[in-house]
Amino acid sequence: MIYTYLIKKKNLIHIGLLALLAVSCANPVSPTGGPKDETPPEVTRTTPPNLSTNFTGNEITLYFNEFINLKDINSQLIISPPVKEPPEFHVRGKSLIAEFKDPWRKETTYNIFFGDAIVDITENNPLSGYKFTFSTGDVLDSMIIKGKVINAFNLTPVKGAYVMLYDSIYDSVPYKQIPYYISKTKETGEFELSNLRNIQYLIFGLTDLNANYMFDMSNEEISFIDTLISPWNLREKDTKPFMIGNTGDSLQGNLNSLSKKADTTAVDSVVVTILGNDSIAVTDTIPAPLVQDTTVNLIDSLPSEVREERYIQLFHFKEADSVQRLLKTQLLRENVISFQFKVPVKKPAFDLLNDVQQVKPVIGYNTSKDTLTMWLPGYDADSIRIKVTDDLSIVDTIEMSVKPKAKKNDAGKKQPLKISNNIISGRIKPGSSIKLTFSDPVESYNFSGIRVKEDSILLSDYSIKFIDSLKRQLEISYAWEPDIQYSVTIQDSTITGIMGTNTDSTRFSFMVLKEEETAKLSLTVDLPENTPYIIQLLDTKEKILTQYLITEDITINIPYLTPGKYKIKAIDDKNANGYWDTGKYLLGRYPERVIYFTKELDLRANWTLDETWKIPESGQ
């Protein structure tokens, strides 16, 4: 009986297992698929082999360990030296074939950079930075040039700029000829030109907007060095950092005096030519005064902490466009037009071609004189035609409506004359005046309709006046004191603008900032020479808060600053015009040198921060 029971129990277990199996088969579960593939494809072999010499074919084949695809090949691919006609690519499973149509240059080393264009087909993992190199001659060139492209105005790295070398040396070569070698800057602005011939080159940086490797658009940004440079061996190191610092001249004096037909005799010493705004050139031409050190140091004999590679900095800028253009015309409101120009105007004139009323327009300028506002008081027509000239040259002829479509709720309603002021969060700085700005120039006013109170006491000993020729800015001055509430009331229709609009009844209150609520900066500036420098106080977004034009060592005191973080910037203002000047390639003129104070300032309330800034000389 016991034996029979065990057999039945065993059969029941088998039946249960079969039932579970049947259920699991009836409800299949999707497989997890394992971990995500994050491994990029690998090159297993190439035809011809990478680093080949005496290459004469027109096809290159890369073989991979997995199926691949191409992504954004047109923007990622760089061939150095460039070819006129881009290659055709064919993806065949685990291989990539590049078919070239242009004939190769003789005795030349070519580099093909794929960027991140080669990806696997499963997860688009890129094979980053892959380079294929070959030579059409007996040897592979092995010299190198490294460096960084930096914005000349704010010293930030420039991403995606081409850095190009030319073996033809004449001034207009970047305008007319594609480069001999080419590279592209990374996120950090850094670039590398490798497998170079050991000859001298002209170097040029370009933000190439039309992708033709030539400087042929006025809004393309450029950088250059106005003398020849020589590449160096990858294993060569110097005994001290190669960066020299900001400068505007060469060690010999005027940069334009350097000959581009320099002696190319190879020597052991390194000559550093200081160029532009931190730009430097490495040459093998050694006039006697420039020799720095004739000692040859092998890399293995140098302590690791002083092994610094040679480095070039290029300062990128956009040339000033001297051709005047009218960029934008905008109707601000009825009979009020804004004109935005390419460059600051010199002698603007506006001829109203269809004005039968002979209306006299009123013109206002912004601070930089590149945007003008035109008021047309009493102009009745719906549209206007205007010939715009500057300095006697016709800029444009425009025709536009001067009567905007009225909104349903605003039909027949006349807008008041708008007022803005310089009060920030109900506070003004000690010693400041109240400045009121009107949306239109003022035609008539009655100052008796403006009342100023100290708490509830009506004041009478304040001064009030317009401070501009158009009567758009009104200044109210008084010896305001802390801890007192002040108010300004402007009664209805006290002020009338030239467009016939009046002020509404307006009131605003304010107090004077207490000294303990603000911070003070005391900056002692030590100039390298008594030449003009612009010292600017900036916020963290590079907005200019205040600036000073100085020509000698000085201590600048800046009171009543809002607590927070600030930057200080200096501009070597060579021409003493009070602003930063860009460069001009054909004139060999570099942008004016820019220097930043080495640390960000953290200003605290009720505190004076004392700082001393010894501005380095050019080349330090």
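A cavity is here a set of grid points where a 1.4 Å probe fits but cannot get out, and its lining residues are those with an atom within 4 Å of a point. The model examined in these terms is a predicted one.

Confidence comes first. The average pLDDT of the protein is 83, and 81% of the residues score at least 70. Two stretches are to be set apart from this picture. Over residues 17–30 the pLDDT stays under 50, and the model has zero contacts for them beyond four places in sequence. Over residues 238–308 the pLDDT likewise stays under 50, but for this stretch the model has 158 contacts beyond four places in sequence. Where pLDDT is low, the predicted coordinates should not be read in detail.

We turn next to the internal space. Rolling a probe the size of a water molecule over the atoms shows where empty space is left. With a threshold of 30 Å³ or more, the count comes to three cavities.

The largest cavity has a volume of about 50 Å³. Its lining consists of L521, L523, I535, Q536, L537, T546, Y548, I556, I558 and I568. Two or more of these residues come from each of strand 38 (519–526), strand 39 (533–538), strand 40 (544–550) and strand 41 (554–561). Strand 39 gives the most, with three residues. By class, the lining of the largest cavity holds eight nonpolar and two polar residues, and no charged ones.

The second largest cavity has a volume of about 40 Å³. The residues that line this cavity are I60, L62, F89, L96, A98, F100, I112 and F114. Here the elements that give two or more residues are strand 2 (59–64) and strand 6 (95–99). The lining of the second largest cavity is made up of eight nonpolar residues, with no polar and no charged ones.

One residue of that lining, I112, leads on to a sheet. I112 lies in strand 7 and is the bridge partner of I79. Strand 4 and strand 7 (residues 109–113) are paired in the antiparallel sense over three bridges. Both belong to an open sheet of three strands, in the order 4-7-9, with antiparallel pairing. Strand 4 (78–80) and strand 9 (131–135) are the edge strands, each pairing on one side only. From one strand to the next, the twist averages 10 degrees. I112 thus joins two parts of the account, as a residue lining the second largest cavity and as the bridge partner of I79.

Definitions and conventions:
Residues are numbered from 1 along each chain as its sequence is written. This is a predicted model: local features need pLDDT of at least 70, side-chain atom pairs count only at pLDDT 80 or more; totals for chains, interfaces and linings use all residues. Side-chain values use heavy atoms; hydrogens and water are left out. On a 1 Å grid over the protein atoms alone, a cavity is a set of points where a 1.4 Å probe fits but cannot get out, and a pocket is an open set with protein on both sides within 12 Å along at least five of seven lines; lining residues have an atom within 4 Å of a point. Grid points are joined across faces, edges and corners, and a volume is the space filled by probe spheres set on the points. Helices (H or I, at least four residues) and strands (E, at least two) are DSSP runs, numbered from the N terminus. Ala, Val, Leu, Ile, Met, Phe, Trp, Tyr, Cys and Pro count as nonpolar, Asp, Glu, Lys and Arg as charged, and the others, Gly among them, as polar. pLDDT is the predictor's confidence in each residue, from 0 to 100. Contact means heavy atoms within 4.5 Å. Two strands pair if DSSP finds at least two bridges between them. Axes are lines fitted to C-alpha atoms, for helices over the stretch in contact, and angles run from 0 to 180 degrees between N-to-C directions.
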